[in-house]
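Subject: Handover of a structure, with notes

Dear colleague,

Please find below the structure that I am handing over to you. My notes on it follow directly after.

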Amino acid sequence: MRAADRPDLRAVRARVVALAERCGQDPAHVLAVERLSRLSGVEPARVPRILDGTAAEMPLCERVHRRFLLLRATRRDKHGREWSLAAIAEDFDAPGASLGPLNAGTGLPRLGHAAGVQRFFGVYAGFLLADSKSAVEHALATTGSGGRAAGAADDLERLSFLTGITPQDIRLTLDGNPPRLPLKEQVRRRFEHLRRTRPRADGQAHSLSAIAGSFDASGQSLTRLTQGEGLPNLAAAAGIQRFYGVGSGFLLADDTEALAGALAGIERELRSSERDAENPMLAVLRAHDVRSIVTRAGRLSPSGWKSLADYLDDLLAREGQLGHSAAPHPPGSADDIDRSAEGGAR
């Protein structure tokens, strides 16, 4: 996700605290470091620094290695033992030795293996790939979510844009019958969706060279992906998602998970709109930048305020909105003095 598009984690944390209190839950428990670590894959010691924006990002290979070790340490078998590499890899028809470099921190797994590891442990599709801030954002969103957004499911085009799933497949997924595509075909379709729906300023799709150049690779390295003949490596997948500013699991998430993430985001928007509806003045301030207007109006002379009031009456009359609302008056005017006197009399 591009830095400019990211929310302030401290602000997100504050909203989750407020939501927890309204729900009668202890914010300290809801936002416990160990819980955020488990949800995000970020080591507990790094969580507070990431929330404060002071943690440096780790290289992809080191990050994926540490997340894998955390999965094995915190999601054990029924006997309380770590899952063996052979048991994990067997789940996606691979030999245990194929996960040796990942376990030792000496190399990255194949994209299909990364998807298999995440599926085996039941974590979200971007768990191994997400940079630390994205991972904590996901954990905070998961912690603060109270359910899916009712009423948003019919906006199929918007959900398609957010997930890379066709409207037809979204309908099937919402009905509980998600289509099962081979990972190679899923990744190809989502990559083409990104190129089609997030074009350059001139409306043309970004070239393969431009995309690959953003993570120091050649355009030819993505050719087989566009032709449906192979999967990108893990570093290339991370680079594609970073280039387009989408979530770290965009290419890997199965349809149900991708749609659930989109609905959770829409739910957060709806809840924000609901708060605005409860406070109409706040909604007006946000929508029309009233604060800026009032700040400038505060420098007007008494005659300037009268001119402003006359202009607003004229504008409201033209729009058929003129009623009995009070006209604006300058601070310290007779109206203010009268109101102060009335307050003192009470």
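Which residue takes a positive phi just after H11? That residue is Gly176, and its phi is about 90 degrees. Please bear in mind throughout that this is a predicted model.

Overall composition

The protein chain holds 20 helices and zero strands. Of its 346 residues, 38% are buried. Among the contacts in the protein chain with a separation of 6 or more, 65% join residues that are 24 or more positions apart.

Helices H10 and H11

Helix H11 covers residues 167-174, and Asp169, Ile170 and Thr173 are buried in it. These buried residues lie on the same side of H11, because they cover an arc of only 105 degrees around the axis.

Two packed helices are described by the angle between their axes and the distance between the axes. For helix H10 (residues 156-163) and H11, the angle is about 95 degrees and the axes are 9 Å apart. H10 is therefore roughly perpendicular to H11. On the H10 side, the residues that meet H11 are Leu156, Glu157, Leu159, Ser160 and Thr163. On the H11 side, their counterparts are Pro167, Ile170, Arg171 and Leu174. Sorted by class, the contact of H10 with H11 comprises five nonpolar, two polar and two charged residues. Ile170 appears both in the list of buried residues of H11 and among the residues of H11 that H10 meets.

His193 and its link to H10

Ser160, a residue of H10 that meets H11, also has a polar partner in another helix. Its backbone oxygen lies 3.2 Å from a polar atom of the side chain of His193. His193 belongs to helix H12, which spans residues 183-197. Is His193 buried or exposed? His193 counts as buried because its relative accessibility is 4%, and the cut-off for buried is under 20%. Leaving out residues up to four places away in sequence, His193 touches Ser160, Phe161, Gly164, Arg198 and Phe250.

The Gly126 and Ser248 loops

Two loops meet through Gly126 and Ser248. Gly126 is located in the loop between helix H8 (111-121) and helix H9 (132-144). Ser248 is located in the loop between helix H15 (234-244) and helix H16 (255-278). A polar atom of the Ser248 side chain lies 3.4 Å from the backbone oxygen of Gly126.

Both residues are buried: Gly126 has a relative accessible area of 0%, and Ser248 has one of 16%. With neighbours within four places in sequence set aside, Ser248 is in contact with Tyr124, Gly126, Leu129, Ala130 and Gln241. Gly126, counted in a like manner, touches Gln118, Ser248 and Gly249.

How many residues apart along the chain are Gly126 and Phe250? They are 124 residues apart, yet their C-alpha atoms are separated by 7.4 Å. Phe250 is also one of the residues that His193 touches.

Positive phi outside glycine

Two aspartates deserve a note on backbone geometry. Asp93 has a phi near 55 degrees, a positive value in a residue other than glycine. Asp93 sits in the loop between helix H6 (85-90) and helix H7 (100-104). With a relative accessible area of 76%, Asp93 is exposed.

Asp216 likewise is not a glycine, and its phi is positive at about 60 degrees. Its loop runs between helix H13 (208-213) and helix H14 (223-226). Asp216 counts as exposed because its relative accessibility is 76%, and the cut-off for exposed is over 50%.

Val33 in helix H3

Lastly, Val33 is placed in helix H3, which covers residues 33-40. Val33 is partly exposed, with a relative accessible area of 34%. Apart from residues up to four places away in sequence, Val33 touches Pro44, Val47 and Pro48. The C-alpha atoms of Val33 and Pro48 are separated by 7.6 Å, and these residues are 15 apart along the chain.

With kind regards

Key: Residues are numbered from 1 along each chain as its sequence is written. This is a predicted model: local features need pLDDT of at least 70, side-chain atom pairs count only at pLDDT 80 or more; totals for chains, interfaces and linings use all residues. Side-chain values use heavy atoms; hydrogens and water are left out. Helices (H or I, at least four residues) and strands (E, at least two) are DSSP runs, numbered from the N terminus. Buried means under 20% relative accessible area, exposed over 50%, partly exposed in between (1.4 Å probe, protein chains only). A polar contact is a pair of N or O atoms within 3.5 Å; within protein, one must be able to donate a hydrogen and the other to accept it, and residues adjacent in sequence count only if both atoms are side-chain atoms. Contact means heavy atoms within 4.5 Å. The arc is that of the directions from the helix axis to the C-beta atoms. Axes are lines fitted to C-alpha atoms, for helices over the stretch in contact, and angles run from 0 to 180 degrees between N-to-C directions. Angles under 35 degrees count as roughly parallel, over 145 as roughly antiparallel, 65 to 115 as roughly perpendicular and the rest as oblique. Ala, Val, Leu, Ile, Met, Phe, Trp, Tyr, Cys and Pro count as nonpolar, Asp, Glu, Lys and Arg as charged, and the others, Gly among them, as polar.
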